[in-house]
Amino acid sequence: MTHDEARAQFPVLERYAYLNAGSSGPLPRAAVEAIHARLERNLAEGRSGKAYIGDLFEARERVRAGIAAVLGTSAELVALTESTTRGCQVVTGGLGLGADDEIVTTDQEHFGLLGALHVSGARVVVAEADEDTLLAAVTPRTRLIAVSHVLWTTGRGLDLARLRRPGGPPLLVDGAQSAGAIPVDLGGADFYTVSAQKWLCGPDACGALFVRDPERLRVALPSAFSQQSYETDGSFTPKDGAARFDSGWIGAPALAGLEAALGVHPDWRYEGGAAAAARCRELLEPLVDVVTPPGESTLVSFRPPRDPTELVAALGERGVIVRELPGHNLLRASCGWWTSEDDLNRLADGLRG
């Protein structure tokens with residue numbers, strides 16, 4: 001697949017320099033067609049019956065396998081969720097944390113992770129987003145280290161292998177800005193979340209959670225998909241593997257769309273995204289203060305030369321879509337394998353103008 005052929009899958013790119021996959025990725029035509037086809041089937045035939053339910057369960061397993069392939073793991077260790085946020089909630093709830101426990105995290109996390117940490121019952125210890133500083137904050141009371149693989153603010157990547165020490169606390173990783181954008185090595189993670197609507201270009205309300213050892217995490221948020229069998233009092237036998245942590249219903253149209261989206265990613269997606277981010281950085285450095293370290297992610301965050309809200313609006317009027325990061329005085333360009341030289345030149349021209 002050539003770069004032009006890859007871009008042609010995303011109609012939005014015909015109009016916009018779409019640089020906001022860090023929030024929501026561009027939808028490929030194949031995903032929308034699959035969603036429409038499933039909706040038409042439901043419209044004509046209804047949403048019930050053995051065949052309907054059978055198709056739904058088969059689709060779940062195909063999607064589970066597809067996400068497992070992205071993460072380089074086995075499908076048995078992947079739970080399906082609606083979001084990264086839900087994955088974080090599954091983990092913090094399942095650990096059974098209390099007031100005597102601590103969680104170490106960084107000062108650059110998204111609320112999708114922080115909210116789950118705050119309500120976990122444990123004391124949350126916030127440290128600078130640096131591997132040595134995080135490890136120095138670990139005490140005998142630390143039950144979990146919870147960080148992003150790629151920080152949603154600065155785009156810096158953390159070295160997961162350094163943070164997961166033998167005999168140390170488990171590591172929960174927010175993979176919202178990494179899964180589908182950069183190669184993922186799960187060797188450093190006990191739990192790893194996926195936001196499928198971002199870099200995997202899936203529809204909304206789709207995600208996943210990798211669980212290294214499902215037997216060591218309690219099912220604290222059971223869904224109808226969690227149980228293998230149950231009693232009238234609600235006691236149940238969990239499913240084997242990470243499927244016990246499936247967080248609930250994902251509709252057949254969304255599953256169809258995500259399955260189709262997973263099929264459009266070229267073999268060179270990581271190299272393409274990295275090259276686009278490097279080129280973006282090269283074009284922007286003479287114009288603005290780029291804060292993202294080179295070569296760590298497909299995000300390029302920079303300090304705007306004027307009011308960030310006004311600048312995002314002005315760029316939008318020129319057909320350039322980037323994200324303001326409120327409270328950080330940063331704008332963020334998300335560069336995917338679909339990003340072109342013209343997209344990046346339009347961004348640079350907009351900053352000059």
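**Exercise 1. Determine whether Cys201 is buried or exposed, and describe its backbone.**

Solution. Cys201 counts as buried because its relative accessibility is 0%; buried means under 20% relative accessible area, exposed over 50%, and partly exposed in between, with a 1.4 Å probe and protein chains only. The model is predicted: local features need pLDDT of at least 70, side-chain atom pairs count only at pLDDT 80 or more, and totals for chains, interfaces and linings use all residues. Residues are numbered from 1 along each chain as its sequence is written, and side-chain values use heavy atoms, with hydrogens and water left out.

The next step is to place the residue. Cys201 sits in the loop that runs between strand 7 (191-195) and strand 8 (207-211). Helices (H or I, at least four residues) and strands (E, at least two) are DSSP runs, numbered from the N terminus.

The last step concerns the backbone. Most residues other than glycine have a negative phi. Cys201 has a phi near 65°, a positive value in a residue other than glycine.

**Exercise 2. State where Asn329 lies and how far it is covered.**

Solution. Asn329 belongs to the loop between strand 14 (323-325) and strand 15 (330-334). Its phi is near 50°, which is positive although the residue is not glycine. With a relative accessibility of 41%, Asn329 counts as partly exposed.

**Exercise 3. Describe the overall build of the protein.**

Solution. Begin with the secondary structure: the protein has eleven helices and 15 strands. Its radius of gyration is 21 Å, close to the 20 Å that the globule rule gives for 353 residues, so the protein is as compact as a globular protein of that length. The radius is taken over C-alpha atoms, and the rule is 2.2 Å times the number of residues to the power 0.38.

Next, consider the extent. Along the principal axes, the C-alpha atoms fill a box of roughly 65 × 60 × 30 Å.

Then turn to coverage and contacts. Of the 353 residues, 55% count as buried. Among contacts with a separation of 6 or more, 66% are accounted for by residues 24 or more positions apart; contact means heavy atoms within 4.5 Å.

**Exercise 4. Work out which residues are linked with Glu61 in a network of salt bridges.**

Solution. A salt bridge is a side-chain nitrogen of Lys or Arg within 4 Å of a carboxyl oxygen of Asp or Glu. The structure holds 20 of them.

First, take the pair Glu61 and Arg64, whose closest N and O atoms are 3.0 Å apart. Both residues lie in helix 3 (residues 50-71), three residues apart, which is about one turn of the helix. Glu61 is partly exposed at 40% relative accessible area, whereas Arg64 counts as buried at 3%.

Second, widen the view. The network links Arg60, Glu61, Arg64 and Asp246.

**Exercise 5. Examine the salt bridges of Glu341 and Asp349.**

Solution. Glu341 forms a salt bridge with Arg279, with 2.8 Å between the closest N and O atoms. Glu341 lies in helix 11 (residues 341-352) and Arg279 in helix 9 (residues 269-284), so the pair ties together parts that are 62 residues apart in sequence. Both partners count as partly exposed, Glu341 at 38% and Arg279 at 26%.

Asp349 meets Arg352 in a salt bridge of 2.7 Å, N to O. These two residues are three residues apart in helix 11, and are therefore separated by about one helical turn. Asp349 is partly exposed, with a relative accessible area of 38%.

**Exercise 6. Establish how far helix 8 is covered and what its buried residues pack against.**

Solution. Helix 8 (residues 252-262) is mostly covered, as ten of its eleven residues are buried. The buried residues include Pro253, Leu255, Gly257, Leu258 and Leu262. They pack against helix 2 (29-45) and helix 3.

**Exercise 7. Describe the surroundings of Val322.**

Solution. Val322 lies in the loop between strand 13 (320-321) and strand 14. It is buried, with a relative accessible area of 6%. Leaving aside residues up to four places away in sequence, Val322 touches Leu19, Val312, Leu315, Arg332, Ala333 and Leu347. The C-alpha atoms of Val322 and Leu311, eleven residues apart along the chain, are separated by 9.6 Å.
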